[in-house]
Every structure is written in C-alpha cells, then in structure tokens.
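Student: I've only just started looking at protein structures, and I'd like to zoom in on one kind of contact. Could you take me through it slowly?

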Amino acid sequence: MERPSTIPVKYEVHPLSGIVIKTTVILPINSTALDVMKAAVDQDSSKYKFTATYYGSSLGFFIDAIGGVPAAPNSKFYWAFYHSEGSEEPKLSDIGVSSFSIPSSDYTIIMKYE
C-alpha cells in the first residue's frame, strides 16, 4: 500500500469566549503546526489570521495574536500550543509551532488562549 503524500489535519482555536473554531486542512506529511495555521488562514483569514514574532532558529515563532485576540503577557494570557493524535487527550507541546512536525493523519493542532 502506497503512503499518501498529503494528509488531513484538524485545527482548532480556543479563545476565551468559549466558542471553539474548527477546520480541517490538507497538507504534505511532516508539515509543521505553523503550516497548519497558515493553511487555515488561506481557508478563512477572518477566523484564523495570526501574527507571530520570530525569535531565531533555536526558539522559532511566538504567536502574538489569533483572530485579532492578542497575547497579553502582562496579564499572563498567551496562545498555548496543544496537539493530540486520534482520540487521545490534547497535550501541551514542549516545542513550538514551527518545530512540531505532523507525522500522520488523525492529528489535531489546538491553539488555546489561556
């Protein structure tokens, strides 16, 4: 059986409002979570548009805002990156969105404002 060259990846944005915004994007295998975010913007920029600051290759990108909701470090609110595979409970990532590669389908990338 030939391995597919592209996979569907679910993407969720959880702002404080309690409304979860969801989509699915199709990307090449081993795309990054940042690629998922960019593909979601291509689908609907009004919901998924984000800004990020690049801190070099060792740190990668810090997500400054998603959907017009800015991180607020002074009040300790920021966009946290979670991921899950299949039906497992989402885990807080220990690496950033530009470093996390998605190895297979059935992955969900989650950005939570917390």
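Which lysine side chain does the side chain of Asp44 meet in a salt bridge, and how many Å is it from N to O? Please also show me any other pairs like that, and say how open to the outside their residues are.

Tutor: Sure! Before we dive in, this is a predicted model, so local features need a pLDDT of at least 70 and side-chain atom pairs count only at pLDDT 80 or more, while totals for chains, interfaces and linings use all residues. Residues are numbered from 1 along each chain as its sequence is written, and side-chain values use heavy atoms, with hydrogens and water left out.

Now your pair: the side chain of Asp44 meets that of Lys47, with 4.0 Å from N to O. That counts as a salt bridge because the term covers a side-chain nitrogen of Lys or Arg within 4 Å of a carboxyl oxygen of Asp or Glu. How open is this pair? Asp44 has a relative accessible area of 23%, so it is partly exposed. Lys47 is partly exposed too, because its relative accessible area is 41%. The label "partly exposed" sits between buried (under 20% relative accessible area) and exposed (over 50%), using a 1.4 Å probe and protein chains only.

Searching the whole structure turns up three salt bridges. Another of them joins the side chains of Asp106 and Lys10, at 3.3 Å from N to O. This one ties together distant parts of the chain, since its two residues are 96 residues apart. Find Lys10 in strand β1 (residues 6-14), then look for Asp106 in the loop between β7 (91-92) and β8 (107-113). If you're wondering about those labels, helices (H or I, at least four residues) and strands (E, at least two) are DSSP runs, numbered from the N terminus. Asp106 counts as partly exposed because its relative accessible area is 39%. Lys10, at 35% relative accessibility, therefore gets the label partly exposed as well.

Next, swing round to Lys91 and Glu88. Their side chains meet in a salt bridge too, with 3.7 Å from N to O. Lys91 has 43% relative accessibility, so it is partly exposed. Glu88 comes out at 31%, which means it is also partly exposed.

While you're turning the model, here are a couple of backbone spots worth a stop. Asn30 isn't a glycine, yet its phi is positive, at about 70°. You'll find Asn30 in the loop between β2 (21-28) and α1 (33-43). Because its relative accessibility is 47%, Asn30 is partly exposed. Then there's Lys76, another residue other than glycine with a positive phi, this time near 65°. Lys76 sits in the loop between β5 (69-70) and β6, a strand that covers residues 79-85. With a relative accessible area of 69%, Lys76 is exposed.

So, back to where you began: Asp44 pairs with Lys47, Asp106 pairs with Lys10, and Lys91 pairs with Glu88. Try picking out Asp106 and Lys10 on the sequence, then on the model, to see how a pair 96 residues apart comes together.
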